[in-house]
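Visitor: I am new to this structure and would like a close look at one part of it. Please take a single helix and follow it outward to whatever lies around it.

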Amino acid sequence: MLFQIFDAFKPRLHDSNSKVNQVALEAMHRMIPLLKDNLSPVINMLIPAIVDNNLNSKNPGIYAAATNVIHALCQHLDNSLLLQPFCTKAQFLSGKAKQDLTEKLA
């Protein structure tokens, strides 16, 4: 069931409409404290959707929302669940996104 929900939700996290994208990130930020470690089955699907384009966004609202989501993940999920997906993404990012994710890893 969780996979079906997030399969439908994931495309909104990198929607071409910036308002949809930002609202999806803000919704994700509100969901994380409620779902916590129950997100573990979908975390490998979610992190790329959250990080790709959003952490390097020139839109300050999208960048702030993506940063808030990453912070919420670190705060509410077991860090061992985040280590591998964060490392994988950090290898292939550039610019501010790479710096932000590397700081979270440290």
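Guide: Ile43, Met45, Leu46, Ile47, Ala49, Ile50 and Val51 are the buried residues of helix H3. The model they belong to is a predicted one. H3 covers residues 43-51, and because seven of its nine residues are buried, the helix is largely enclosed by the rest of the structure. The enclosing partners can be named: the buried residues of H3 pack against H1, H2 (18-35), H4, H5 (79-92) and H6. Just after H3 comes Asn53, which takes a positive phi of about 70 degrees.

Some of these partners also deserve a look of their own. H1 spans residues 2-9 and holds Phe6 and Phe9, which are three residues apart and therefore separated by about one helical turn. A search of the whole structure finds one aromatic pair. That pair is formed by Phe6 and Phe9: their ring centres are 6.0 Å apart and their planes stand at 90 degrees, so the arrangement is edge-to-face. Both rings belong to buried residues: Phe6 has a relative accessibility of 1%, and Phe9 has 16%. The cut-off for buried is under 20%.

H4, H5 and H6 come next, through the contacts that H6 makes with the other two. Two packed helices are described by the angle between their axes and the distance between the axes. For H4 (residues 60-76) and H6 (residues 95-105), the axes come within 11 Å and cross at roughly 20 degrees. An angle under 35 degrees counts as roughly parallel, so H4 is roughly parallel to H6. Their crossing is right-handed. On the H4 side the contact involves Tyr63, Ile70, His71 and Cys74, which meet Lys96, Asp100, Leu101 and Lys104 of H6. By class, these residues are four nonpolar, one polar and three charged.

H5 packs on H6 at an angle of about 150 degrees, and the two axes are 9 Å apart. Here the angle makes H5 roughly antiparallel to H6, and the crossing is left-handed. From H5, the residues Leu83, Phe86, Cys87, Lys89, Ala90 and Gln91 meet Lys98, Leu101, Thr102, Lys104 and Leu105 in H6. This contact has six nonpolar, two polar and three charged residues. Leu101 and Lys104 of H6 take part in the contact with H4 and also in the contact with H5. To return to the starting point, H4, H5 and H6 are among the helices against which the buried residues of H3 pack.

Conventions: Residues numbered from 1 in each chain as written. Predicted model: local features only at pLDDT ≥ 70, side-chain atom pairs only at ≥ 80, totals over all residues. Heavy atoms only, no water. Phe/Tyr/Trp six-rings, centres within 6.5 Å; stacked < 30°, edge-to-face > 60°. Helix = DSSP H or I, 4+ residues; strand = E, 2+ residues; numbered from the N terminus. Buried < 20%, exposed > 50% of the residue type's maximum accessible area, 1.4 Å probe, protein only. Axes fitted to C-alpha atoms, helices over the stretch in contact; angles between N-to-C directions. Parallel < 35°, antiparallel > 145°, perpendicular 65-115°, else oblique. Left-handed = near helix turned anticlockwise from the far one by under 90°. Contact = heavy atoms within 4.5 Å. Nonpolar A, V, L, I, M, F, W, Y, C, P; charged D, E, K, R; others polar.
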